[in-house]
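Trainee: I have a new structure open and I'm not sure how to read it. Could you walk me through some features, one at a time?

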Amino acid sequence: MAQISLDKIFKRYGAVQTIHGVDLDIGDGEFVAFVGPSGCGKSTMLRMIAGLEEISGGRLTIGDKLVNDIEPKGRDVAMVFQDYALYPHMTVAQNIGFGLKMRGEAPATIAEKVAEAARILQLEELLDRRPGQLSGGQRQRVAMGRAIVRKPKVFLFDEPLSNLDAKLRVEMRTQIKRLHRMLRTTTIYVTHDQVEAMTLADRVVVLRKGEIIQHGKPLDLYERPNCRFVAEFIGSPQMNILSGRAVSSDRGATVEFDGGAITLPRLDAPSGAAIEIGLRPEHLQPCPKDQADFIVDVDVLEELGSDTLAICFLNGRELTVRIPAEESRNTGTRLPLRFDRKHLHLFDSASGARLDFAA
Ligand SMILES: Nc1ncnc2c1ncn2[C@@H]1O[C@H](COP(=O)(O)OP(=O)(O)OP(=O)(O)O)[C@@H](O)[C@H]1O
Ligand SMILES: [Mg+2]
């Protein structure tokens, strides 16, 4: 069993604190992704779990064991880094088997385990090559092979795909997903690519400045971000944000903005409060003029084939709208749009916190 538990984990470098008391429980076999902007502490968190970085405060348990003061090799975790860290003078087979050799396993056992990993990762043809004779994606698979032969309790990945081109990233993403389905090893996967996090993980943890802002299933974060930061971080293209103001009325509350107004039966914000209105590109629909919530000026059409992104302006404010490809041919310069109230997000302008309302 390898559940991981972080209990008020802190990290300080001298007087500077970079991780501010993180609490998180990761279940046995769970795949968790850490996402967040550069410098938010993703690698630091992972390195503390691996034992490569000292923990300044709090308790870290893996399985049922407190591991704060246990060295990396006593934690039974395997880490895969962004730069792969392969040994250039060793063959693929030697690289994969190196950790086992260091543990003193018998050559026959090592050969068997290396062959199994090579089969899983489709590296069988490449076992005699050296890293310099491999492509980026192949090197990445060797690095994963080295991690899986050890059959660790936990896999830790730090942006393992960020050096690969876009097509290969998507392929490797699928490989990693298959691998997890096969091995069911508890995994923490660091990335700043929210699409990677959403597609791979059972649960996504969003970090900002050394704190967890929200964690949950990918679709829960997408559908109910608890603040503007998460709303804009999750989803691609990014959520559109309009500035508005709450006005109480006898029919409930109205959120007024430059170019329109939305009336809601109930809104948990005082009259006059400044509000951010969040609408995802895929939730804005072209419609007849008399049904529109607002009308935008179309600036640029980006035809993706499957659908089209319309970059538009609403009184000088840029908005992205995702429209079906067949509709893009009929799109004029003025585009009336509506949205379903169930896809509306409202945030308090001052704090960024999600506001509750009845749709
Ligand atoms: N050895 C160190 N001494 C002082 N500060 C450090 C040290 N290592 C990291 N930091 C700081 O800790 C914070 C978190 O860094 P970390 O590398 O964990 O970020 P990250 O989320 O992995 O970013 P990226 O997406 O760029 O990899 C940063 O502000 C960084 O400057
Ligand atoms: Mg990092």
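Mentor: Sure, let's begin at the ligand. Helix α1 (residues 42-50) gives the largest share of the shell around ligand 1, three residues. Keep in mind as we go that this is a predicted model.

Trainee: Which residues are around ligand 1?

Mentor: The residues around ligand 1 are Y13, T18, P37, S38, G39, C40, G41, K42, S43, T44 and E159. Once you have such a list, look for polar atoms that come together. In the side chain of S38, an N or O atom is 2.5 Å from an oxygen atom of ligand 1. For G39 the backbone takes part instead: one of its N or O atoms lies 2.8 Å from a ligand 1 oxygen. The side chain of K42 also has an N or O atom 2.8 Å from an oxygen atom of ligand 1.

Trainee: How much of ligand 1 does the protein bury?

Mentor: Ligand 1 taken alone exposes 640 Å², and the protein buries 57% of that.

Trainee: Let me zoom out. How many helices and strands does the protein have?

Mentor: The secondary structure comes to nine helices and 22 strands. The C-alpha trace spans about 80 × 50 × 35 Å along its principal axes. Of the 359 residues, 50% are buried. The accessible surface comes to about 17,300 Å², with 48% of it belonging to carbon and sulfur atoms.

Trainee: And how do the contacts spread along the sequence?

Mentor: Take contacts between residues at least 6 apart in sequence: 65% of them join residues at least 24 apart.

Trainee: Next, aromatic rings. What describes a pair of them?

Mentor: A pair of aromatic rings is described by two things, the distance of the centres and the angle of the planes. Here the count comes to seven aromatic pairs. In one of them, the rings of F31 and Y189 have centres 5.8 Å apart and planes at 35 degrees, so this pair is tilted. F31 belongs to strand β3 (residues 31-35) and Y189 to strand β8 (residues 186-190), so the pair ties together parts 158 residues apart in sequence.

Trainee: Are F31 and Y189 buried or exposed?

Mentor: Both F31 and Y189 are buried. Now look at F155 and F157: their ring centres are 5.9 Å apart and their planes at 50 degrees, so that pair is tilted too. F155 and F157 are buried as well. Put together, F31, F155, F157 and Y189 form one aromatic cluster.

Trainee: What sits over the ring of Y13?

Mentor: The charged end of K11 does, 4.9 Å from the ring's centre. You'll find another such case at F229, where the charged end of R208 sits over the ring, 4.7 Å from its centre.

Trainee: How should I read a single residue, say T191?

Mentor: Start with its place, then its cover, then its partners. T191 is in the loop between β8 and α6 (194-200). Its relative accessibility is 1%, so T191 counts as buried. The T191 side chain reaches the backbone nitrogen of D193 at 2.8 Å, and a polar contact of 3.4 Å joins it to the side chain of E196. Setting aside neighbours within four places in sequence, T191 is in contact with residues including K42 and E159, which we met around ligand 1.

Trainee: Last topic: the backbone. What is the general pattern for phi and for peptide bonds?

Mentor: Most residues other than glycine have a negative phi, and most peptide bonds are trans. Now for some cases that go the other way. D76, not a glycine, has a positive phi of about 60 degrees. D76 is found in the loop between β5 (65-66) and β6 (77-80), and with a relative accessible area of 25% it is partly exposed. Q122 has a positive phi of about 55 degrees; it is found in the loop between α3 (107-120) and α4 (136-149). At 56% relative accessibility, Q122 counts as exposed.

Trainee: Which peptide bond is cis?

Mentor: The one from S236 to P237, with omega near -5 degrees. P237 lies in the loop between α8 (228-233) and β11 (240-249). Apart from neighbours within four places in sequence, P237 is in contact with P281, L309, T320 and R322. The C-alpha atoms of P237 and E282 are separated by 8.8 Å, with their places 45 residues apart along the chain.

Methods: Residues numbered from 1 in each chain as written. Chains lettered and ligands numbered in written order. Predicted model: local features only at pLDDT ≥ 70, side-chain atom pairs only at ≥ 80, totals over all residues. Heavy atoms only, no water. Phe/Tyr/Trp six-rings, centres within 6.5 Å; stacked < 30°, edge-to-face > 60°. Helix = DSSP H or I, 4+ residues; strand = E, 2+ residues; numbered from the N terminus. Buried < 20%, exposed > 50% of the residue type's maximum accessible area, 1.4 Å probe, protein only. Lys NZ or Arg CZ within 6 Å of the ring centre and 35° of its normal. Contact = heavy atoms within 4.5 Å. Near = heavy atom within 4 Å. Polar contact = N/O pair within 3.5 Å; in protein donor to acceptor, adjacent residues only side chain to side chain. Areas by Shrake-Rupley, 256 points an atom, 1.4 Å probe, with all protein chains shown as cover.
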